[in-house]
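Visitor: I'd like to learn how to read a few features off a model. Could you walk me through them as we look?

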Protein chains: 2
Amino acid sequence: MFSSLKRFLIGRPLKSTELGEQKLNKTKALAILSSDALSSVAYGPEQILIVLVTAGAAAFWYSLPIAAGVLFLLAALILSYRQIIFAYPHGGGAYIVSKQNLGENPGLIAGGSLLVDYILTVAVSVSAGTDAITSAFPALHPYTVLIACILVLLITILNLRGLTESASILAYPVYLFVLALFIMIGVGFFHISGGEVSPSRHASIGTPVAGISLFLLLRAFASGSSALTGVEAISNAIPNFKSPAPNNAAKTLAAMGLLLALLFTGIVYLSYYYGIVPNEKETVVSQIAEGIFGRNVFYYIIQGTTAMILVLAANTGYSAFPLLAYNLAKDRYIARMFTIRGDRLGYSNGIIFLAITSMLLILAFRGRTEKLIPLYAVGVFIPFTLSQSGMLVKWLKEKPEGWKIKLTINFIGALISFLVMMTFFITKFTQVWPVLIFLPLLVLLFHRIKKHYTAVGKQLDLTTCEPALPIKGNVIIVPVAGFTHVVENSLNYAKSLSADQIIAVYVAFEREEEKKFEEKWRKWQPDIRLVTLNSYYRSIIHPLTKFIDTVQKKANAADYSVTVLIPQFIPKKSWHNILHNQSSLLIRAFLLYRRNVIVTTVPYRLKE
Amino acid sequence: MFSSLKRFLIGRPLKSTELGEQKLNKTKALAILSSDALSSVAYGPEQILIVLVTAGAAAFWYSLPIAAGVLFLLAALILSYRQIIFAYPHGGGAYIVSKQNLGENPGLIAGGSLLVDYILTVAVSVSAGTDAITSAFPALHPYTVLIACILVLLITILNLRGLTESASILAYPVYLFVLALFIMIGVGFFHISGGEVSPSRHASIGTPVAGISLFLLLRAFASGSSALTGVEAISNAIPNFKSPAPNNAAKTLAAMGLLLALLFTGIVYLSYYYGIVPNEKETVVSQIAEGIFGRNVFYYIIQGTTAMILVLAANTGYSAFPLLAYNLAKDRYIARMFTIRGDRLGYSNGIIFLAITSMLLILAFRGRTEKLIPLYAVGVFIPFTLSQSGMLVKWLKEKPEGWKIKLTINFIGALISFLVMMTFFITKFTQVWPVLIFLPLLVLLFHRIKKHYTAVGKQLDLTTCEPALPIKGNVIIVPVAGFTHVVENSLNYAKSLSADQIIAVYVAFEREEEKKFEEKWRKWQPDIRLVTLNSYYRSIIHPLTKFIDTVQKKANAADYSVTVLIPQFIPKKSWHNILHNQSSLLIRAFLLYRRNVIVTTVPYRLKE
């Protein structure tokens with residue numbers, strides 16, 4: 001039943017040889033890998049205005065030069081990441097670049113902060129999308145957390161179905177959003193050029209503003225830069241592209257940069273020209289759409305597609321997280337299970353892990369995840385800075401043809417990323433300080449896991465250790481509970497093995513019972529030695545373990561192995577199990593983990 | 001850590017021989033077994049008045065003859081149960097009496113309804129006690145469910161610590177409640193006899209009342225009879241008494257009857273004489289206490305001890321449920337685990353089951369369990385009726401000395417119990433109908449469980465079945481994952497057993513890998529046959545199971561056993577387990593439950 005539900009939800013398993021068909025073309029890749037970046041235009045410009053409004057409405061004109069700064073940073077990042085794509089055509093992004101050029105710890109810092117960041121992306125963007133939905137339908141408000149979790153589950157199922165399938169479905173809303181915004185911006189500019197809109201109510205560019213400070217401008221710039229989160233996703237996900245993967249990825253990156261630049265510029269300019277003032281009740285995009293269209297059907301299309309893109313921004317996390325986790329797991333910094341491909345060839349453990357952790361965040365914050373946004377932004381600019389610096393080192397070391405231009409590009413990228421990161425730390429320290437505690441702990445955990453895997457590898461390796469001692473003989477212990485076919489079956493099996501000694505053990509709760517059992521046993525199995533143990537405290541495990549310990553001491557001295565043979569009857573229907581004491585399971589688990597004995601379960605299947 | 005917490009909460013384990021010290025003397029037994037019955041005086045009289053008030057204040061005088069009726073029923077029940085105690089000195093109450101005299105199904109109906117009833121007792125009485133607490137401290141109101149659950153947990157821990165210990169602690173509040181009520185009643189009568197209270201504002205006895213009907217009077221009587229729930233508890237719990245158990249139990253029962261009669265009469269009379277009118281905001285007992293003492297310290301003592309006794313009424317369920325469950329489990333109608341004595345010699349599985357189910361009820365009803373009261377009352381009068389009828393049959397069959405008097409007593413008991421039960425069904429059908437669906441389902445479940453145990457018993461019994469076939473040879477299959485000490489260890493063990501064939505199996509995900517593995521194997525273990533399987537879908541279990549099936553077909557035909565030897569390495573620290581794929585556990589569980597093979601786990605313990 002479970003497996004047919006699984007089939008229905010995620011489809012039939014795919015053969016390993018079908019991996020090629022799971023690669024993405026540029027159109028689909030652009031849709032699922034850029035949804036995070038593109039969705040940022042829905043709130044990035046607003047973030048700038050929210051900071052500027054504290055200096056008064058006269059400061060709004062600064063949004064234009066700040067936007068220019070953001071565009072410059074965008075251009076630098078796109079060019080830098082384009083270089084990373086060609087230099088590291090197998091993907092891995094900031095983690096690989098930092099590790100190879102700056103060393104292990106910078107790599108782990110970059111990888112760790114991106115891992116956490118993708119989880120935050122999912123939680124934050126799904127919560128934002130849910131907010132948009134519950135704002136439109138206030139009756140749904142009490143179900144915010146439930147709706148958010150259902151959305152996460154839906155995206156998870158889509159991703160478990162595999163890349164191509166999720167991309168085919170998710171491409172529509174992404175392109176619809178882009179199209180809707182372009183129409184809005186186009187109509188807006190048409191209105192402005194036609195003189196239908198009175199010149200901006202905002203102060204014109206260059207108007208001096210009292211009380212403006214460099215600190216404030218930096219904060220506004222840093223806030224606006226939060227629109228650039230998600231730019232690195234493509235460089236992580238190169239293995240998902242059709243070949244030639246690096247070329248396709250580079251072209252997709254360029255297209256994403258262009259779209260992002262156009263939409264960002266358009267919205268910043270329109271909000272300036274239409275004299276938009278940010279307020280808590282209505283988003284900037286909503287105000288612009290209302291100014292241009294009024295509250296007609298186009299307005300609602302803009303709002304609807306915005307809500308969708310906010311939810312789908314989560315999908316970028318789903319594309320990049322499993323690949324990054326795969327890279328970290330391959331290097332043994334996190335659990336090996338992240339390297340396993342699921343039924344549909346995706347790294348399904350990564351997908352499921354991402355779903356669970358982001359839902360836990362949503363539950364913990366009861367859907368109010370806005371507080372996590374600064375953490376999330378700073379978590380992106382740390383790997384940005386590290387990867388660009390890594391490229392700097394690479395060019396300085398390798399000095400390939402044209403390295404000076406490449407160096408300059410990455411230098412500018414590194415510098416601005418570093419500045420933005422520092423701005424976040426300085427201007428929002430009260431919100432981002434947990435990063436300084438959490439990241440080192442995460443890196444420490446990575447090291448401990450690596451250390452464990454290395455230790456295990458050494459202990460298992462046939463070449464580095466002395467060979468296991470040969471076994472010279474066997475002692476078999478059979479705990480028995482009565483005179484039944486289950487016991488008979490186990491004893492027959494024990495006899496069929498060439499054991500040097502077979503000992504049946506019975507744990508009695510009362511003295512009288514003990515004697516009766518011994519008498520009956522002598523008649524039934526005269527050739528098998530029976531040991532009866534007394535349990536004053538009605539526990540089977542404790543006296544049994546004590547006995548096994550004594551046997552084992554002797555056996556080990558003679559290089560004999562000790563096997564505990566556990567008779568277990570298996571009922572026909574699984575609900576019957578609750579009617580039987582699961583002593584055999586308990587004994588097995590206890591012995592296997594606490595004592596060094598071999599444990600054999602001899603099943604006796606009931607027919608009724 | 002878990003075990004030292006357990007020690008702290010419930011104390012050191014007791015030896016089976018210490019059972020005698022866990023028996024109760026009469027004083028303690030009265031306290032813990034009568035708390036349910038005694039607590040009913042806090043709401044029984046009120047229930048009568050609530051019904052009568054619908055016919056107008058003039059009808060209140062009827063509470064006196066109705067109370068006389070309830071007292072008569074109480075007397076009949078006490079005498080009947082006294083006879084049951086001596087006839088069935090090993091306890092079991094309604095279940096045993098009905099089963100032995102009326103047959104299996106009546107016994108199961110009585111037993112089933114009592115089992116459910118004890119769960120309801122705990123949920124309802126703890127909720128009522130919590131209500132009393134939150135009424136006194138309204139700030140605690142939002143935490144109703146939490147407080148109720150904590151109270152259940154406290155009573156559970158006390159009961160897990162053992163009978164004598166819980167009785168020693170719980171006796172104080174019970175006797176304090178009885179004492180407080182006696183003082184209140186005494187002072188009340190003193191005031192009345194001194195003429196300090198004006199004659200009752202209620203109509204005098206015999207005043208004709210317009211609109212009074214037999215139906216209404218029956219309902220009032222039935223509601224008042226709900227004060228008699230809990231009377232049967234002593235007859236269930238005879239094994240908990242010090243010897244001579246039946247004599248002590250009978251004396252305790254008589255004492256309980258007397259206390260109950262005195263308190264019930266006193267409260268009904270005072271509420272009539274003080275002209276109490278039931279209202280939603282203040283209980284009848286609270287009104288009487290206020291009328292007698294005013295709001296002084298005595299008033300608060302009455303209120304406080306009432307709240308305590310309401311909570312402690314739950315304890316009667318804790319004393320009777322595990323014993324009843326033991327009796328049903330001994331007869332194999334419910335899971336065998338209820339027959340096992342815990343560390344402190346109580347039937348701890350019954351105690352824990354009762355705690356969990358009653359907390360689930362409290363959670364499901366969010367602490368508003370009043371709706372369950374009618375269910376609970378009808379659930380008591382079904383076993384009352386059945387046990388008295390059972391005694392009738394017994395006397396008619398056995399005709400011992402003085403059987404006519406005994407017959408008469410049980411006949412009256414049976415008749416009134418039956419009438420009360422029918423009154424409940426007729427007057428409160430909309431609330432009690434679930435009993436008619438739930439009880440038959442429960443009895444059906446009992447039968448299915450019994451059938452399963454009988455079938456299992458037959459299949460395991462050495463005398464009724466042909467003996468298990470002897471094993472003529474062994475095939476050992478070792479799934480291998482690489483060239484490691486873990487595998488080497490398992491192979492050494494396999495070689496040490498006298499297997500007719502050892503087959504190592506490797507599941508490869510890629511063709512190339514397969515060939516490499518085979519070559520390396522030939523050099524490493526030339527004398528052990530290797531079979532490589534190809535998995536297109538990256539599953540280890542499916543190809544492995546298919547292979548085992550083929551081997552097994554051949555082996556079974558030749559009476560050979562098939563053993564799957566699973567190499568498993570056990571990390572030093574248990575958290576390390578999450579870093580390793582638990583394939584060996586999965587394979588084991590899958591094979592043991594789906595295929596008829598013997599499964600051996602060969603552990604390899606890591607030192608680091």
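Guide: Sure, starting with vocabulary: helices (H or I, at least four residues) and strands (E, at least two) are DSSP runs, numbered from the N terminus. This is a predicted model, where local features need pLDDT of at least 70, side-chain atom pairs count only at pLDDT 80 or more, and totals for chains, interfaces and linings use all residues. Residues are numbered from 1 along each chain as its sequence is written, while chains are lettered from A and ligands numbered from 1 in the order in which they are written.

Visitor: Let's try one residue, then. Where does A:Asp117 lie, and is A:Asp117 buried or exposed?

Guide: A residue is buried if 20 or more other C-beta atoms lie within 10 Å of its own, exposed if 12 or fewer, and partly exposed in between, with C-beta atoms placed from the backbone. A:Asp117 sits in helix H6 (residues 104-136) of chain A. With 26 other C-beta atoms within 10 Å, A:Asp117 is therefore buried.

Visitor: Which residues is A:Asp117 in contact with, leaving aside neighbours within four places in sequence?

Guide: Contact asks that two C-beta atoms, placed from the backbone, lie within 7 Å. On that count, A:Asp117 touches A:Tyr376, A:Gly379 and A:Val380.

Visitor: How do I read burial for a whole helix, say H12 of chain B?

Guide: Go residue by residue. Seven of the ten residues in H12(B) (residues 284-293) are buried, so to speak of this helix as mostly covered is fair. Those buried include B:Val284, B:Gln287 and B:Ile292. Among the elements covering them are helices H3 (44-52), H8 (163-193), H11 (245-273) and H13 (297-330) of chain B. Just past the end of H12(B), B:Gly294 takes a positive phi of about 75 degrees.

Visitor: And over in chain A, how do H8 and H12 cross?

Guide: Axes are lines fitted to C-alpha atoms, for helices over the stretch in contact, and angles run from 0 to 180 degrees between N-to-C directions. The axes of H8(A) (residues 163-193) and H12(A) (residues 284-293) come within 10 Å and cross at roughly 55 degrees. That makes H8(A) oblique to H12(A); angles under 35 degrees count as roughly parallel, over 145 as roughly antiparallel, 65 to 115 as roughly perpendicular and the rest as oblique.

Visitor: Which residues meet there?

Guide: From H8(A) come A:Met184, A:Val187, A:Gly188 and A:His191, and they meet A:Ile288, A:Ala289 and A:Ile292 of H12(A). By class, this contact has five nonpolar, two polar and no charged residues. Here Ala, Val, Leu, Ile, Met, Phe, Trp, Tyr, Cys and Pro count as nonpolar, Asp, Glu, Lys and Arg as charged, and the others, Gly among them, as polar.

Visitor: What about the sheet: what is its strand order?

Guide: Two strands pair if DSSP finds at least two bridges between them. The order is E3(A)-E2(A)-E1(A)-E4(A)-E5(A)-E5(B)-E4(B)-E1(B)-E2(B)-E3(B), an open sheet of ten strands with mixed pairing. E3 (529-534) of chain A and E3 (529-534) of chain B are the edge strands, each pairing on one side only. From one strand to the next, the twist averages 25 degrees.

Visitor: How do the E5 strands join across the chains?

Guide: E5(A) (residues 598-605) and E5(B) run antiparallel, joined by three bridges, and A:Val599 stands opposite B:Thr601. By contrast, E4(B) and E5(B) run parallel with eight bridges, and there B:Val564 faces B:Val599.

Visitor: How many residues of the two chains are in contact?

Guide: 58 residues of chain B contact 57 residues of chain A. The chain B side has 32 nonpolar, 17 polar and nine charged residues.
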